[in-house]
Amino acid sequence: MMGWCCSGVCRALALLAILPPLWERGCWGLIHGTGDLEKSPRSDPDPWEVLHRQKRSWVWNQFFVLEEYTGNEPLYVGKLHSDVDKGDGKVKYVLSGEGATSIFTIDENTGDIHATKRLDREAQAYYTLQAQAVDRITNLPVEPRSEFVVKVQDINDNEPKFIDGPYLAGVPEMSPLGTMVVQVAATDADDPTYGNSARVVYSIIHGQPYFSVEPKTGVIRTALSNMDRETRDQYVLVIQAKDMVGQMGGLSGTTSVTVTLTDVNDNPPRFTHKSYQYTVLESLPVQSVVARIKAADADIGSNAEMDYRIMDGDAPGQFNITTDENTQEGMIILLKPLDFETKSSFSLRIEATNRNIDSNFLSLGSFSDTTSVKVTVEDVNEPPVFSKALSELVVSEDAKVGTSIGRVSAHDPDTSNNAIRYSIDRNTDLERFFNVDALSGVISTAKPLDREANSVHNLTIFAIESQDPTQIGRGVALVTVQDINDNAPVFAIDYETLLCENAMPGQVIQTISAVDKDEPLRGHRFYFALAAPVAGNPNFTLRDNKDNTASILTKRDGFRRRQQPVYRLPVLIVDSGSPALSSTNTLLVRVCDCDSDGVALSCGAVAYTATGLSTGALLAILGCIITLLVMVLLIVTMRRRRKEPLILEEERDIRENIVRYDDEGGGEEDTEAFDMVTLRNLNVIRDPSVRRDVTPDTPTFFHYPSASRPPYKSLPDNVVFREFIWDRLKDADVDPSAPPYDSLQTYAFEGSGSVAESLSSLESLSTDSDQNYDYLSNWGPRFKKLADLYGNSDGTGVFS
């Protein structure tokens, strides 16, 4: 059983100081009355533990470590001792868990635990460790592993901090005493469950006597009533938070709180003057601003918005007043033109009223004010004024040059009444159709008029003062040209008339109409007839429909394109004017070949000779084309089949795949195509004229000089192989007895120094093999040939 070991009197006193609260909260996990550590639910499972509860052998004499230890030596945490440890050194103590070896160390002989680093409770408040006693020799546990917690004891090393500071707040002006402004909050990183290190109280350092703060809650309230924003609108407070319940030695932190007094409508509008005077010119345009007046209001925003109205005046309807929403000024606007000669001054009484009135402040008085405004009109030299702004004149289209069509009149509105001269603005009469008399204002024609070209002339007439040419009045003369019958009627459109060869007598082949540029007062009335030269023609006739249209009818049948493909029919059109005008228009009629429904298929002249192919010839040509297409398709298909390889190029798993060839080779008995003896005896001089892929029918007469070949044994293996292949390539290139096609020669050469010797199976006949192929007979009929060749264990096969 383990016992207590203390490091000194000071440590014991510190332990006794913190023991009561810890005992009450049960932080140690000790069983009351026994002094033993109760099994933690976080203990690792151990095969030594039994189902019933046992008394543990571990007793810890230290669970708390002060943070921010500043000593030079490692801080002693506690001591582990097991009753199994007899002091003979056979027991070793092992520590594991959070911070083991990096922060906490244990003396494996004595069980003393030390902290090697400064601990910060705010970084990590506790560490969970596991302790175990093991046999030093076998390294097997002699006690079950137990878990304990080393808690870092807090000290007051953190000052309160305002996380959300600095603060911005607002409170309405004129608020009553004790109105809440804002609540501030400070946090202390120290342990709130231990001592007073994290217990904070608030106080106001700067901002009295206007505001106060509640010590425990941090609520800031107004300390004075009726604070006026117009006097002072902003206050900066300094709030302090101090831990240790504000006692001496506690740490503190501060923050600033900016309090802004928000506006309320507690000030009425006031005009700075009781009367205002303004002077304007009589030439001021309508809807112009005559004057701007403003009532002063100490409030801001919506509380300073106001409306203006004209309460009284000596010229109703002459002026109006509106509010400029940007400046809150009253704009006096002119509604009617001013005339100095008629009235030279106006008097107005104007009222300004707050738009948003707060009923809480009605006791302060009326939230409106009035003032007087006098407007004086100044005389100006005005331009001449026409008696009629628009003069409407009428002239006949056939009026002669110099005909007077009307008169305009203007006068000087000033008292001087100067003489007037008239002229036409030529920008409105570019072709100079009209003139105006400079003194009398009589307008006359200057050129012949054409109503069809321009039926209305809009003239601008200038009236200029003779004494001051800069004073110009403008009037409008609207001249309307009356129509006369001076245009003959014509076809409404260019008609395209088609006549079917199978047309019957009396059939309507076209309906025509007419247009006339003239515009008679009673409307148009046209008369249609065939011109005199064709009035009695045997082919066509005309019928006037009495509705300004006429119909063209056939008088016979049997029209033929071969005989006459086109007919020209002159039509006479007469209008109803006085005098009446007429015109002759030619209607073109084309003879067409039509179907049974009367739809034209072909029109105009018909060629007497035509070439074409019979139906049989067309079918023969089509058959030839189809035959050619089939032959081309067959040729393309055959070429594609020739290009297909016997073995697909894509990667395939060839295990248990059998590729069947129609041409069966000679097997290992075929020694003509691939002679492996040559590969194993490279220096044996052979006849270079003999090819190894084919046997020539005629002997070759070309021989290599034997001295040109180097001895292969004197070369490295890689060079031997390359030289051997190049020699065989030269033999094939210069051999005149070689067949005229490409051939593939395969050489299985491993080199003269290969330890594995030849890997080829071509000489397997000469080697003894203990491989048993009897299982091939069980693979079915597809492998019967291989079973017959290799599966006979008695050696009586084909190769025996």
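**Exercise 1. Determine which residues join E305 in a network of salt bridges.**

Solution. E305, D307, E325 and R355 are linked in a network of salt bridges. A salt bridge is a side-chain nitrogen of Lys or Arg within 4 Å of a carboxyl oxygen of Asp or Glu. By this rule, the count comes to 17 salt bridges.

The structure is a predicted model, in which local features need pLDDT of at least 70, side-chain atom pairs count only at pLDDT 80 or more, and totals for chains, interfaces and linings use all residues. Residues are numbered from 1 along each chain as its sequence is written, and side-chain values use heavy atoms, with hydrogens and water left out.

**Exercise 2. Examine the salt bridge between K79 and D112, and state whether the two residues are buried or exposed.**

Solution. Step 1: the closest N and O atoms of K79 and D112 are 3.2 Å apart. Step 2: K79 belongs to strand β2 (residues 75–79) and D112 to strand β5 (residues 112–115), and the pair links distant parts of the chain, 33 residues apart. Helices (H or I, at least four residues) and strands (E, at least two) are DSSP runs, numbered from the N terminus. Step 3: both K79 and D112 are buried. Buried means under 20% relative accessible area, exposed means over 50%, and partly exposed lies in between (1.4 Å probe, protein chains only).

**Exercise 3. Locate the two ends of the salt bridge between D263 and R229, and classify each by accessibility.**

Solution. Step 1: the side chains of D263 and R229 meet with an N to O distance of 3.0 Å. Step 2: D263 is in the loop between β14 (252–262) and β15 (270–271), while R229 is in the loop between β12 and β13; the pair links distant parts of the chain, 34 residues apart. Step 3: D263 has a relative accessibility of 15% and counts as buried. R229, at 11%, also counts as buried.

**Exercise 4. Describe the salt bridge between R292 and D324.**

Solution. Step 1: the closest N and O atoms of R292 and D324 are 3.1 Å apart. Step 2: R292 lies in strand β17 and D324 in strand β20 (residues 319–324), so the pair ties together parts that are 32 residues apart in sequence. Step 3: R292 counts as partly exposed at 39% relative accessibility, whereas D324 counts as buried at 15%.

**Exercise 5. Identify the geometry of the aromatic pair formed by Y210 and Y235, and describe the surroundings of Y210.**

Solution. Step 1: rings of Phe, Tyr and Trp (its six-membered ring) pair if their centres lie within 6.5 Å; planes under 30 degrees apart count as stacked, over 60 as edge-to-face and the rest as tilted. The count by this rule comes to 13 aromatic pairs. Step 2: Y210 and Y235 are 4.8 Å apart, centre to centre, with 45 degrees between the planes, and the pair is tilted. Step 3: Y210 lies in the loop between β10 and β11 and Y235 in strand β13, so the pair ties together parts that are 25 residues apart in sequence. Step 4: Y210 is partly exposed at 27% relative accessible area, whereas Y235 counts as buried at 6%. Step 5: Y210, F211 and Y235 form one aromatic cluster. Step 6: the charged end of R232 sits over the ring of Y210, 5.4 Å from its centre. A charge sits over a ring if NZ of Lys or CZ of Arg is within 6 Å of the ring centre and within 35 degrees of the ring normal.

**Exercise 6. Name the two faces of strand β28 and find the bridge partner of S423.**

Solution. Step 1: strand β28 (residues 420–424) has a covered face formed by I420, Y422 and I424. Its uncovered face holds R421 and S423. Step 2: β28 pairs with strand β31 (residues 456–465) in the antiparallel sense over five bridges. Two strands pair if DSSP finds at least two bridges between them. Step 3: the bridge partner of S423 in β31 is F462.

**Exercise 7. Find where the cis peptide bonds at P166 and P209 lie, and state their omega values.**

Solution. Step 1: the peptide bond from G165 to P166 is cis, with omega near -10 degrees. P166 is placed in the loop between β7 (146–153) and β8 (167–172). Step 2: a cis peptide bond also joins Q208 and P209, with omega about 5 degrees. P209 lies in the loop between β10 (201–206) and β11 (211–213).
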